[in-house]
Amino acid sequence: MAQFFTKGKILFFLLIVLAFSAFSQTTTLPAVYGRVIDAQTGEPLKGAVIALDFKKSGTKTDSLGNYKIHLPYGEYVIKISHVGYNSFRSRVLLKKDELLNVELNDVTKQLEEVIVSSSSTKKDIQTPSLGVTILSLKGIKKLPTMMGEVDVIRSLQTLPGVSSVGEGSNGLNIRGSNVDQNLIYIDDTPIFNPTHMFGLFSVFASDAIRDLELYKGGVPARFGGRSAAVLDIKMIEPNTDHFKMQGGIGLVSNRVMAEIPVIKEKLSVLVAARGSFNDFLFKMVAPDNLKNIRANFMDIATKIYYRPNNKNTISFSNYFSYDYYRVDSLFSLENVVAKRTNFDYGHQNFAVHWNHYFSPKLSMMLSGTTTFYNTKTYAPDTVNTINLLSSIKYNNIHASFDYIPNDKHKLNFGVSGTSYKIMPGRLNEGVASRVSTVIIPDEQSFEAGIYADEEFKVSEKFTFQAGLRYSQYWQIGAGTVNEYASNQMPSLGTITRKINYAPGEVMASYGGFEPRLTMKYSIGKDATVKFGYNRMQQFFQLLSNNTTPLPTSRWKTASAYIKPQKSDFVSLGLFKTFNENVYETSLETYYRDVQNTLDFVSGANLQLNPNIETQLVTGKGKAYGFELMLQKKKGEMTGWISYTYARAFSQMVGDFPEVQSINGGNWFPTNYDKPHTFNAMINMTPTPHHSFSFTFAYNTGRPFSSPSGLYEIGGKRYPVFSERNNDRIRDYHRLDFSWTISNPSMKHVRWEGSWVFTVYNLYGRKNPYSLFFKSTKYGIQPYELSVFASPFVSLTYNFKFL
Amino acid sequence: MLKRIFQSILLCGILSFLVIACVFPVTDFVQKDATSYLVVEADITNDPTTCKVRITNSANRLQSVLMLPVTKATVYVTDEKGVQTFFKEGTVSGTYLPPSGFVGKVGSSYQLYIKTLMGSEYLSDVETMKPVPVIENMISNFEIYDQYIKGDPRRGGWSVYLDFKDNATEGDFYQWNWKHYEKIQICATCTGGGLWNFTKNDCNVLKFPNDQIWNFQCDGNCWDISWNNEINVFSDVLTNGQRIVGRQVARVPFDGYGMYYFRLEQRAITKSVFNYNQSIISSVQSNGSMFDVPAETKFSLNIKSKTNPTERILGVFNVYSADKKIFFIDRSKNIPEGERANISPLIGDVYTCPPGAVGCQERVPCFEGPTRTKITPEGWNL
């Protein structure tokens, strides 16, 4: 701290000297000058901060939005920021007086676009939002990576309340949620499988991301369709002024991103692509048996941004991901003779957005989005050919309005309609093979939502945000619903009648209100207490009984037998900043209750099963905990430490408990129940060219089923599993390190390179992913599976062309 | 050096991609819970030598080898005509055998009844014996599993495949088991310098052991028996009525150059037994990946307690018909260049009586047991 003040004094002294020097040389030094205005209204912005070369201080604009700074000849990085507006950054080569007029975008028009960077926006203190975390990509890039890949999903796991089943698993568990209970959006299009390589890497190309918001609680009414959390990822809006390019070369993938202005200040295009090229590595260094393996992935994001005038913006974005694998005997179909299986999956997402500003008080956003997620499993054997296809087609239209009549009220309201078309599985359709053709009928459904959210600033101390959403869901024909004998468990043998529905006919419908409420009460200038309550419904669930879902896992919409999930969530938070927002502390506690969750009967057959309701057990879940976090947001050293206590339990008992129950119908911990989690992240930037980061993660081991003895059948011994998840694997802990060297040449040129050296799992702990048992000749042997059991070193080269 | 480091980094990365993660045996595992259950292993087959009912208690410790037999129980099966066949406890405690001449018939249905000495009663579901198709063709190919280095016994071996025609009816389930008989010359090995005690039928332990290992020859024909460790089942749900071609049923090790006796049994099993085996496969056989399904044991699958409906019973009532085929694999042919058999050398010396020793014995009997027999295997012609 003493050092901080010493440096502050030195900086202050330098600024005085600089100011004096500038004053004394106004007649000779050139100046950068201009005007800063609101991009939507054209109003001048008073008090915008103009900072130079990453320094903390600079000048401010006057009441007319004007500024002027005299500087020695040279090249400078200029940053213009204002509370409530997106910051502007640019390089200026100062040979003579340079005019730089800047338009800043008002973030209140797009609440989710607020970026928490090293300069705090005090969002946690000033707004009623609770359980909302905003991460800038700049922040994510500071975290040590695994294999050099900047990874959104992994970065989120450093935050309190966010975890996964284990290293390399697919998806996120947020405050006791299952992975399918979280809505993941990229530019308002949903992502159904957020990882490449079965869980190792996020599907999001980091270069194309502007920022992301994670709603762990306090989900605004505009979001619907999932029962837990929302991860809202926004793609970059390409620069309309000048061409930019950046990219990187890494061990896993290579990537490039370009922002291309087509019509200056009106039309620009973003193209970002990432691809892994591992095949040649397999041929070079892999053992013989791995040489045949193919494992590649890629993703491409494009965006066309058009701003015909200050009142309208139109964007067309596209996101495309693709994974391809060829492996021996992995992920093959059961009961099929096939030696080698090919496997691919991917997303094709499209979104069109039109933003229109009627006036400074009223604006509108219209969007049309579509997502197509498909998987293919195939083995081109001559006689036992298999070709299994599945897909999800999602279409959505959404109209949203923001009305801000005065400083006290902010109203957001809108309507949305979503259609789902699921192709659960088509095996060998039109394919000549000894393996049968099996076609599971397609499923159609429609979900409509209407909502309104009002933020009312009752007083300087008290603000609340109250929202209400009504969601209505219809499962639509054509289709067939089985009717089962009333007092017998649903099975093929107890079907009494099949009810056929014509195309367009409603097969099942559900609906209900989803109230949302967050309240903030300020205690003094730097502290607030917040309360939140959510109800959310989910009509679309993932059917998977694996530890972590496979990309081929089946999604299912609500039906006559599968009721929508309903979640009630309450949370309470205390936030306080210290030392002019340098430090921020938060304490959040929550309780979540979920109805109609799904699990599966013993030995369930989920793939290619037309009567899936016979395999399901419906139950409920509960999760509770508290999260404690301390952040240091400014200075050469920034970071956070957090402690989380979190529990998540399920209770599964159906109408026929002798078959439809798990753990005898008693509550049991979920796979992701990890009571104690401690995370720490430290980033040090001693010079603009070097930064060092450490992350440390600790959590209690996750549950596993431990045997209660063994038995012998047919001369072989097997463990007896009496209860699910009755024990825990060893605790997990890991330390990562990264060193970033930015612009090592230290020359101010348009091409800027940087190197990132990372060590993942620095002290090489063999963290277990799971504990499992094998029968051997001599009894039962327990084993631990460890995904990254040694330190992993990687080096990545990144470049920018500004 | 640098290249080697770079290559090892790349290789680590690739292996990590493939989720070929590391697996470590756990040596300090502490059991959380210890419970014992009744275990019923009941087989009604079309082979009179394999029909039996074995009743034991499961061990409540993973390290335990003791499965307490349940003796003096009343055991019978009832067929579809109502005929009851009582099983009597044989020489092995807890194992009940049918009267001679009893054999299961394809198409017949059976229900098992058990009453223990303590008065607990158990009744199975009615299970019907399905016809088993004949094994049409069996082939073996020498295949290298090159994830294992040269010298690793798992590297080279013969993969055995079979073809058969699935029954035309839907809902057929199959299981394969194999047995191998290896004729042996050495019937006992004593370490520490001790000799075979022909009175105790065990090795003598010296007060001051030394490094000498003595091997004792068999006093007649003797075979070691080995069989499949893994469960191999199949459903015709996707291939009903088709000819099933190239189903792998075994892997024969390359541990010698002689002919390899291989007896394959193809079973037509019931749906219950298929489900039962599937649950074992997912719990202890196909586990250890990142995508495991929850480990679970199927209790009371097709045998339930009449006296205590909540009682959890292990095991299954297995009604099946079987077809067998005996096959010899010539392990001296079709071996790729550079591949060698992994032959375990005989460690120690073969014991021979000193010249002139009176009453000395040097050949040990072949003791019958689950892993050894002196009865010539069926079809043995070597």
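Which residue of β19(B) stands opposite Lys165(B)? I began with this point and found Arg243(B) facing Lys165(B). I note at the outset that the model is predicted.

**Entry 1: the sheet around β19(B)**

I followed the pairing outward from that position. Strand β11 of chain B, residues 156-165, pairs with β19(B) in the antiparallel sense, and I recorded eight bridges between them. I then looked up the sheet to which both belong: it is open, has three strands in the order β10-β11-β19 of chain B, and is antiparallel in its pairing. I marked β10 (137-144) and β19 of chain B as the edge strands, since each pairs on one side only. From one strand to the next I noted an average twist of 25°.

**Entry 2: the contact between chains A and B**

I next turned to the contact between the chains, to which chain A gives 75 residues and chain B gives 68 residues. On the side of chain B that touches chain A, I listed the elements that supply at least two residues each: the helices α1 (2-17) and α2 (271-285), and the strands β1 (22-25), β2 (38-45), β18 (232-235), β19 (243-253) and β22 (313-330). The edge strand β19 of chain B is thus also one of the elements on this side. I recorded α1(B) as the source of the largest share, with nine residues. By class, I entered 35 nonpolar, 24 polar and nine charged residues for this side of chain B.

**Entry 3: a strand pair across the chains**

Which strand of chain A is joined to β1(B)? I identified β50 of chain A, residues 779-786, which runs antiparallel to β1(B) and is joined to it by four bridges. Within this pair I located Ser786(A), whose bridge partner in β1(B) is Cys22(B).

**Entry 4: the domains of chain B**

I consulted the domain assignment of chain B, which gives domain 1 as 35-184 + 222-330 and domain 2 as 185-221 + 347-382. I noted 33 Å between the C-alpha centres of these two domains of chain B. How many residues of domain 1 of chain B are in contact with domain 2 of chain B? I found nine, in contact with 16 residues of domain 2 of chain B. On the domain 1 side of this contact in chain B, β17 (223-227) and β20 (259-269) each supply at least two residues. I assigned the largest share of that side, three residues, to β17(B). I closed the entry with the classes on the domain 1 side of chain B: eight residues are nonpolar, none is polar and one is charged.

Technical notes:
Residues numbered from 1 in each chain as written. Chains lettered and ligands numbered in written order. Predicted model: local features only at pLDDT ≥ 70, side-chain atom pairs only at ≥ 80, totals over all residues. Contact = placed C-beta atoms within 7 Å. Nonpolar A, V, L, I, M, F, W, Y, C, P; charged D, E, K, R; others polar. Pairing = 2+ DSSP bridges. Axes fitted to C-alpha atoms, helices over the stretch in contact; angles between N-to-C directions. Domains from an automatic or database assignment.
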